[in-house]
Amino acid sequence: MAALPSGWTPLGMVEHLGYAERHWSQEIVTGTADPVAWPDDHEPLTTPRSPDVVFAFYREQCRRSDEIFAATPLSAVPAGRHPTALADEIADLRGVVLHMIEETARHAGHLDAARELIDGRTGLGPR
């Protein structure tokens, strides 16, 4: 269900975060990534896939990131290069990790706002 006029969905955002994990830990840090099992043929931040598939994809990408980050020194220079000006800010694994913390936190905030727009619930107060 889209919560904003742009049409993005919470599930699409989770899939996007999976792609971000894959991109930064595999394509950028190691210089290579396994192919994704589906075509990229839909609007950004949306997905035609089921929640089970999207959450499994996200978990697997996080698992792969954890493995790569654990085996790579923070001072290691990435083997790949991000295609935008952000690449100039990423000099080592430390920069990649910081970027992923920022990106995940930013999108977690988006998801909090979308949740409130969808059903009025917030993360504040009793659970």
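Colleague: Before we read any contacts, in which helix is the place of Gln26?

Modeller: Gln26 has its place in helix α1, where helices (H or I, at least four residues) and strands (E, at least two) are DSSP runs numbered from the N terminus. This is a predicted model, in which local features need pLDDT of at least 70 and side-chain atom pairs count only at pLDDT 80 or more, whereas totals for chains, interfaces and linings use all residues. Residues are numbered from 1 along each chain as its sequence is written, and side-chain values use heavy atoms, with hydrogens and water left out.

Colleague: How many helices and strands does the chain have, and what pattern does the chain follow?

Modeller: The chain has three helices and zero strands, and along the sequence its pattern reads α-α-α. Its C-alpha atoms fill a box of roughly 45 × 35 × 25 Å, taken along the principal axes. Of the contacts in the chain with a separation of 6 or more, 69% are between residues 24 or more positions apart, a contact being a case of heavy atoms within 4.5 Å.

Colleague: Is Gln26 buried or exposed, and with which side chain does the side chain of Gln26 make a polar contact?

Modeller: The general idea is a scale of relative accessible area, on which buried means under 20%, exposed over 50%, and partly exposed in between (1.4 Å probe, protein chains only). Gln26 has a relative accessible area of 1% and is therefore buried; in the chain of 127 residues, buried residues make up 32%. The side chain of Gln26 makes a polar contact with the side chain of Gln61 at 2.9 Å. For such a contact, a pair of N or O atoms must lie within 3.5 Å; within protein, one must be able to donate a hydrogen and the other to accept it, and residues adjacent in sequence count only if both atoms are side-chain atoms. Leaving aside neighbours within four places in sequence, the residues in contact with Gln26 include Gly31, Gln61, Arg64 and Ile68.

Colleague: How is a pair of aromatic rings described, and how many aromatic pairs does the structure hold?

Modeller: A pair of aromatic rings is described by the distance of the centres and the angle of the planes. Rings of Phe, Tyr and Trp (its six-membered ring) pair if their centres lie within 6.5 Å, and planes under 30 degrees apart count as stacked, over 60 as edge-to-face and the rest as tilted. The structure holds two aromatic pairs. In one of them, the rings of Trp38 and Phe57 have their centres 5.1 Å apart and their planes at 65°, so the pair is edge-to-face. This pair links distant parts of the chain, with Trp38 in the loop between α1 and α2 and Phe57 in helix α2, 19 residues apart. Trp38 is buried, with a relative accessible area of 17%, and Phe57 is buried as well, at 9%. One aromatic cluster is formed by Tyr19, Trp38 and Phe57.

Colleague: How many salt bridges does the structure hold, and how should their spacing along a helix be read?

Modeller: The structure holds eight salt bridges, each a side-chain nitrogen of Lys or Arg within 4 Å of a carboxyl oxygen of Asp or Glu. An α-helix has 3.6 residues a turn, so residues three or four places apart point the same way. Glu67 forms a salt bridge with Arg63, their closest N and O atoms being 2.4 Å apart, and because Glu67 and Arg63 are four residues apart in helix α2, they are separated by about one helical turn. Glu67 is partly exposed at 45% relative accessibility, and Arg63 is partly exposed at 35%. In helix α3, Arg115 and Asp119 are likewise four residues apart, about one turn of the helix. Salt bridges that share partners join Glu60, Arg63 and Glu67 into one network.

Colleague: How far does helix α3 reach from its first C-alpha to its last, and what covers its buried residues?

Modeller: The expected span of a helix is 1.5 Å times one less than its number of residues. Helix α3 (residues 93-119) has 27 residues and reaches 39 Å, close to the 39 Å expected. Its buried residues include Leu93, His99, Met100 and Glu103, and what covers the buried residues of α3 includes α1 (10-30) and α2 (51-71). After α3 comes Gly120, whose phi is positive, near 80°.
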